[in-house]
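Work through the exercises below on charged side-chain pairs. Each task is followed by a solution in steps.

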Amino acid sequence: MSFDQDTINKVIELFKNEVIPAEGCTEPIAIALATAKAREILGCEPEHINLILSGNIIKNVKSVFVPNSGNMVGIEVAAAMGALAGDANQELMVLSKVTPEEMVKVREFLAKDTVHYTKSDNNFKLYIKVKMIAGSQSASVELKHVHNNITEIVKNGETQLKINDSGSKAKLEDDAAILNIKLIYDLAKEVDINLLKPILEKIINCNTAISIEGLTHDYGVRTGKNIKTSIERGFYGKDARNLSASNAAAASDARMGGSAMPVMTAAGSGNVGLTSSIPVITYCRENGLSEDKMMRGLIFSILASVHIKNNIGRLSAYCGPMCAAGAVSGALVFLNDESYEVVAKAIINTLSGVSGVFCDGANSSCSVKIANGTYAAFDGAASAMNGNVVTPGDGIVADDVEATIRNIGELARDGMRETDEVILEIMTRK
């Protein structure tokens, strides 16, 4: 299948917009970006910081370590670090240059009980509004829909920036709406790899580096290290499936555990970026596949993750790495030179088995979910290559892969709405 240049350009641009570097979990980083920007607008150190946050932001920041904080956790830490030591020009690397000396000031600031937050009463899944006060001066910054998408800036009651409430969200959805699994399959086979080679090299280098970090140091529940140790003592076999789960989980262990190393995200999520890339990299290396093949597999896996995640939303009760698990299963079949039909069956097989996995916030258990999703991806791919697929009409499985993905989106957006609220209520009990 040949593509017109306009389609290629749109997909390349989408890939570049969806795959960006971030340090740490993207939700506390988004808070830090908003407070760093508000501090920039305010022009001086704040005396008070008030936050209004969507439930999903609260859920994903409450229990996760903030990078360069000295193993500190939570909303107040992220907000104070952004305000006192962040660089808004670095976007999702906003905390990358925070020093131990600056953290002394952050701790002193926090000790004064200067940061407070409440849950927003709107329906946005990703919403942050910061108001800073210093004497008679004030500044507020609003961020919506996407982790680095600032939509409003106000200083001393005067609006400096106001972006249409739904414009950015609609644009993202429209841009990703071009995707389907068949297009992704054909484009990954045919596209000039040089168009994406620099960003693909960053994905390989950054995400592999943080995986090694998680395998060689103790972070979180050490899921990746546990699998590696089990391979070494013979409890697990040393095969691509177990190595992929170990490597991917280790990267999440490090990321959720406070490592300051950057990751290349996908669809607004570091864990989706890690899940969609590391198993593909590991499989190719274990099987001696070429760099060109690996990069094409990454193109497929990441774009398929973006496509599936676009049906669900940036933040939801549906676990993001499970979207990536479906994409990885298709990528594994793709790497084995199977037809589109077999690729589609692999994605259906995998998604049918993992779509009950919910997101209970960013925390150490993310690495466990990533390991399980990676195992499911290999199983779904193997089943498809052996000629098997879950029967249409069984549960959420539809007649084809696109209809199945739409069903999962409906499940995540509508069916799991109350689940999201219950999870947040459980997580915030005193």
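The exercises concern salt bridges in this predicted model.

**Exercise 1.** Classify the contact between Lys 37 and Glu 40, and state where both residues lie.

Solution.
- Step 1: The closest N and O atoms of Lys 37 and Glu 40 are 2.9 Å apart. A salt bridge requires a Lys or Arg side-chain nitrogen within 4 Å of an Asp or Glu carboxyl oxygen, and the pair forms a salt bridge.
- Step 2: Both residues belong to helix α2 (residues 26–42). They are three residues apart, about one turn of the helix.
- Step 3: Buried means under 20% relative accessible area. Lys 37 has 19% and is buried, whereas Glu 40, with 40%, is partly exposed.

**Exercise 2.** Determine whether Glu 142 and Lys 144 are buried or exposed, and give the N to O distance of their salt bridge.

Solution.
- Step 1: The salt bridge between the side chains of Glu 142 and Lys 144 has an N to O distance of 3.6 Å.
- Step 2: Glu 142 has a relative accessible area of 6% and is buried.
- Step 3: Lys 144 is also buried, with 5% relative accessibility.

**Exercise 3.** Assign exposure classes to Asp 218 and Lys 225, whose side chains meet in a salt bridge.

Solution.
- Step 1: The N to O distance between Asp 218 and Lys 225 is 2.8 Å.
- Step 2: The cut-off for exposed is over 50%. Asp 218, at 54%, is exposed.
- Step 3: Lys 225, at 22%, is partly exposed.

**Exercise 4.** Which residues are joined into one network by salt bridges that share partners?

Solution.
- Step 1: The network consists of Lys 59, Lys 125 and Asp 420.
- Step 2: For the model, the count comes to 18 salt bridges.

Methods:
Residues are numbered from 1 along each chain as its sequence is written. This is a predicted model: local features need pLDDT of at least 70, side-chain atom pairs count only at pLDDT 80 or more; totals for chains, interfaces and linings use all residues. Side-chain values use heavy atoms; hydrogens and water are left out. Helices (H or I, at least four residues) and strands (E, at least two) are DSSP runs, numbered from the N terminus. Buried means under 20% relative accessible area, exposed over 50%, partly exposed in between (1.4 Å probe, protein chains only).
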